[in-house]
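Got the viewer open? Keep the selection box handy and let's take a walk along the chain.

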Amino acid sequence: DLSRAAAVNATFQPASLSFAINKLKKKAVSLNQDLSVTNTSDSPKTFTFSLLQLDPDDLVTVALNSTSATVAPGQKATVNLAIDAKKKAPKRDYTGYVNVADSTGQTLHVPYWVRFVKKK
């Protein structure tokens, strides 16, 4: 849908969040990254942040440090995505999206990925 693509109210830095391959050690592993959202519209926008975990597990917690931000035109807000894995978490990929919705009903998706492997 080209008309909707041309009407996007935000850009992201980075465009996706890769936490890379991590070894689960004898203790829990905590990872985090910042995601910046820039308001590309001509008016202030309130962005609402939520998570969609595609393959959740009780031993891996994914969380955002904020659920919303009001951003002036041309300005940016930063939200932090944290992933915490207990040492007994299944060694595999974990993926999902940070969903960013604005007051017009448009929702954009920023993918995230992390892989946990055994310590060798």
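Here is a tour, stop by stop, with something to select at each one.

**Stop 1: the whole chain**

Before you click on anything, keep in mind that this is a predicted model. Show the entire chain as a cartoon and colour it by secondary structure. You should find 1 helix and 9 strands. Reading from the N terminus, the order is α-β-β-β-β-β-β-β-β-β. Now turn the C-alpha trace around: along its principal axes it spans about 50 × 25 × 20 Å.

Switch on a surface next. The chain exposes about 7000 Å², and carbon and sulfur atoms supply 51% of that area. As for the inside, buried residues make up 33% of the 120 residues. If you display contacts, look at how far they reach along the sequence: among those with a separation of 6 or more, 69% are between residues 24 or more positions apart.

**Stop 2: the five-strand sheet**

Hide the surface and select E2, E9, E8, E4 and E6. In that order they form an open sheet of 5 strands with mixed pairing. Which strands stand at the edges? They are E2 and E6 (68–71), and each has a single partner strand, so one side of each is left without a neighbour in the sheet. Look across the strands as well: ignoring direction, neighbours in this sheet are turned by 20° against each other on average.

A quick reminder before you zoom in: strands of a sheet pair through backbone hydrogen bonds, either parallel or antiparallel. You can find both kinds here.

- Select residues 17–24 and 107–118. These are E2 and E9, which run parallel and are joined by 6 bridges. Leu17 stands opposite Tyr112 of E9.
- Add residues 93–101, which is E8. E8 and E9 run antiparallel, with 9 bridges between them. One pair to click on is Val100 with its bridge partner in E9, Leu108.
- Go over to the E4 and E6 pair. These strands are antiparallel too, and 4 bridges join them. Lys45 has Val71 in E6 as its bridge partner.

While E8 and E9 are still on screen, follow the chain from one to the other. The two form a hairpin with 5 residues between them, and Gly105 in the turn has a positive phi of about 95°.

**Stop 3: two backbone oddities**

Most residues other than glycine have a negative phi, and most peptide bonds are trans. Two spots go against that habit. Select Ala20 in strand E2: despite not being a glycine, Ala20 has a positive phi of about 70°. With a relative accessible area of 36%, Ala20 counts as partly exposed.

Then step back to Gln13 and Pro14. The peptide bond joining them is cis, with omega about -5°. Pro14 belongs to the loop between E1 and E2.

**Stop 4: along the same loop to Ala15**

Stay in the loop between E1 (10–13) and E2, and pick Ala15. Is Ala15 buried or exposed? It counts as exposed, because its relative accessibility is 60%. Leaving out residues up to four places away in sequence, Ala15 touches Val110 and Pro111. Try the distance tool here: the C-alpha atoms of Ala15 and Ser36 are 9.3 Å apart, with their positions 21 residues apart along the chain.

**Stop 5: Asn39 and Lys45**

Select Asn39, in strand E3 (residues 29–39). At 1% relative accessibility, Asn39 counts as buried. Show what surrounds it: beyond four places in sequence, Asn39 touches several residues, including Asn9, Phe47, Val71, Pro73 and Lys45.

Move on to Lys45, which is found in strand E4. Is this lysine buried or exposed? Lys45 is buried, since its relative accessible area is 10%. Setting aside neighbours within four places, its contacts include Asn9, Asn39, Ala69, Thr70 and Thr104. For contrast, draw a line from the C-alpha atom of Lys45 to that of Ala85: the two are 40 residues apart along the chain and separated by 34 Å.

**Stop 6: a nonpolar patch**

Bring the surface back and select Leu52, Leu54 and Tyr97. Together they form a nonpolar patch on the surface, with about 260 Å² of accessible area. Leu52 sits in strand E4 (residues 45–53), and at 39% relative accessibility Leu52 counts as partly exposed.

Terms used: Residues are numbered from 1 along each chain as its sequence is written. This is a predicted model: local features need pLDDT of at least 70, side-chain atom pairs count only at pLDDT 80 or more; totals for chains, interfaces and linings use all residues. Side-chain values use heavy atoms; hydrogens and water are left out. Patches are made of residues with over 30% relative accessible area and no salt bridge: like charges are joined within 9 Å, nonpolar side chains (Val, Leu, Ile, Met, Phe, Trp, Tyr) within 5 Å. Accessible areas come from the Shrake-Rupley method with a 1.4 Å probe; for residues, only the protein chains shown count as cover. A salt bridge is a side-chain nitrogen of Lys or Arg within 4 Å of a carboxyl oxygen of Asp or Glu. Buried means under 20% relative accessible area, exposed over 50%, partly exposed in between (1.4 Å probe, protein chains only). Two strands pair if DSSP finds at least two bridges between them. Axes are lines fitted to C-alpha atoms, for helices over the stretch in contact, and angles run from 0 to 180 degrees between N-to-C directions. Contact means heavy atoms within 4.5 Å.
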